[in-house]
There are 2 protein chains.
Amino acid sequence: MKNIISNINKAFDHRIRLGIMSVLMVNDHADFKTLKELLGATDGNIASHTKALEKQNYIKVEKSFIDRKPNTRYIASDKGRKAFREHLDALEKLLKTKNELNI
Amino acid sequence: MKNIISNINKAFDHRIRLGIMSVLMVNDHADFKTLKELLGATDGNIASHTKALEKQNYIKVEKSFIDRKPNTRYIASDKGRKAFREHLDALEKLLKTKNELNI
DNA sequence: TTAAAGTACTTTGAAAAACAAAGTAAAATA
DNA sequence: TATTTTACTTTGTTTTTCAAAGTACTTTAA
């Protein structure tokens, strides 16, 4: 390992993306509105952060119509789950490890 | 509480700032070079992220000369320690809580 | 002694990211 | 039929991030 933060994933560096992932880790899916309400974010916000996670293939997007209305459902991909778990491990290590510095 | 991420501190949303704080929580101080090496960041990076944390009064900066060379030492303030602990609590809650969604 | 290289930062300005307001299109309501 | 609401997406400005360049020395070496 090069440095103490090298395993911390840039993609999860933002609280909204962290929130999205943590919701999708516990619940096997969540839709746009749910994420929006749960995270207290604006529409544009959810749109761009989910897009960012989708671009990395960390979440999958399923579009359908529910009650004749458009519905966008987000699901954490295997890659995303793995990456997120690794991120959490890295976080935990960063915070727990008493780094030997002698300063 | 308004939403599940409302206690997650924006100031710690970045891995370099997270790293700086975690180093300063465990070690009572660290200087510029140490942070730079420990985090594998560039000079400008450390400068701007420490400045951001200083602006929030989360860290204190002490400038002196050691061996005739300038030395900048960073220390977590009480406010910073408190804020960071609260941030970690919020993180933990976010990740542990099985949010009741019924979806 | 003076030129070149190194140290410890700070400043700068371009690039990327974040944000909310505005836009879209269809559905529900009145 | 008009108006409001829902469920998003797009847009363009603001903010943040970043590393390259700059500053002000100190050290080494010729």
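Reader: How do the residues of the surface near DNA strand D divide into nonpolar, polar and charged?
Author: Keep in mind that we're looking at a predicted model here. Sorting the residues of the surface near DNA strand D by class puts three in the nonpolar group and eight in the polar one. The rest of the split goes to the charged group, so with Asp, Glu, Lys and Arg counted as charged, that last number is nine.

Reader: How many residues surround DNA strand D, and which are the closest?
Author: The count of residues surrounding DNA strand D is 20. Both chains turn up among the closest ones: chain B is there with Asn45(B). From chain A, the closest are Phe32(A), Asp43(A), Lys63(A) and Thr72(A).

Reader: What share of the atoms of DNA strand D within 4 Å of the protein do sugar and phosphate account for?
Author: Here we look at the strand's own atoms, keeping those that come within 4 Å of the protein. Sugar and phosphate make up 75% of them.

Reader: Which part of DNA strand D does Asp43(A) reach, and how far away is it?
Author: Asp43(A) is one of the residues closest to DNA strand D. A polar atom of the Asp43(A) side chain sits by a base nitrogen of that strand. The distance between them is 2.7 Å.

Reader: Where on DNA strand D do Thr72(A) and Pro70(A) make their polar contacts?
Author: Thr72(A) uses an N or O atom of its side chain, 2.4 Å from a phosphate oxygen of DNA strand D. Pro70(A) uses a backbone N or O atom instead, and that atom is 3.1 Å from a sugar or linking oxygen. In short, Thr72(A) goes with a phosphate oxygen, and Pro70(A) with a sugar or linking oxygen.

Reader: Which elements each supply at least two residues of the surface near DNA strand D?
Author: Chain B is on this list with its helix α3. Chain A joins in with α2 (32-39), α3 and β3 (69-76).

Reader: What about DNA strand C: how many residues surround it, and how do they divide by class?
Author: DNA strand C has 22 residues around it, the closest being Arg17(A), Phe32(B), Asp43(B), Lys63(B) and Thr72(B). By class, the surface near DNA strand C has four nonpolar residues, eight polar ones and 10 charged ones.

Reader: Which residue has a polar side-chain atom 2.8 Å from a base nitrogen of DNA strand C?
Author: Let's rule out two candidates. His49(A) has a side-chain N or O atom 3.1 Å from a phosphate oxygen of DNA strand C, and Thr72(B) has one 2.3 Å from a phosphate oxygen. The residue with the base nitrogen at 2.8 Å is Asp43(B).

Reader: How much area do chain B and chain A bury between them?
Author: The contact takes 32 residues from chain B and 32 residues from chain A. Carbon and sulfur atoms hold 67% of the buried area. The total for the two chains comes to about 2900 Å².

Reader: Which element gives the most to the side of chain B that touches chain A?
Author: Across this interface there are six residue pairs in polar contact. The elements giving two or more residues to chain B's side are α1 (15-26), α2 (32-39) and α4 (78-96) of chain B. With seven residues, the one that gives the most is α1(B).

Reader: Which residue forms a salt bridge with Asp13(B)?
Author: The structure holds eight salt bridges over all chains, and two lie across the interface of chain B and chain A. In the pair with Asp13(B), the closest N and O atoms are 3.8 Å apart. This pair crosses from the segment before α1 of chain B to helix α1 of chain A. The partner is Arg15(A).

Reader: Which residues do ring pairs link into a cluster?
Author: Over all chains, the search finds four aromatic pairs. The cluster linked by ring pairs is made up of Phe12(A), Tyr58(A) and Phe84(A).

Terms used: Residues are numbered from 1 along each chain as its sequence is written. Chains are lettered from A and ligands numbered from 1 in the order in which they are written. This is a predicted model: local features need pLDDT of at least 70, side-chain atom pairs count only at pLDDT 80 or more; totals for chains, interfaces and linings use all residues. Side-chain values use heavy atoms; hydrogens and water are left out. Contact means heavy atoms within 4.5 Å. Buried area is the accessible area (1.4 Å probe) that two parts lose on being put together, summed over both. A salt bridge is a side-chain nitrogen of Lys or Arg within 4 Å of a carboxyl oxygen of Asp or Glu. A polar contact is a pair of N or O atoms within 3.5 Å; within protein, one must be able to donate a hydrogen and the other to accept it, and residues adjacent in sequence count only if both atoms are side-chain atoms. Helices (H or I, at least four residues) and strands (E, at least two) are DSSP runs, numbered from the N terminus. A residue is near a molecule or strand if one of its heavy atoms lies within 4 Å of it. Rings of Phe, Tyr and Trp (its six-membered ring) pair if their centres lie within 6.5 Å; planes under 30 degrees apart count as stacked, over 60 as edge-to-face and the rest as tilted.
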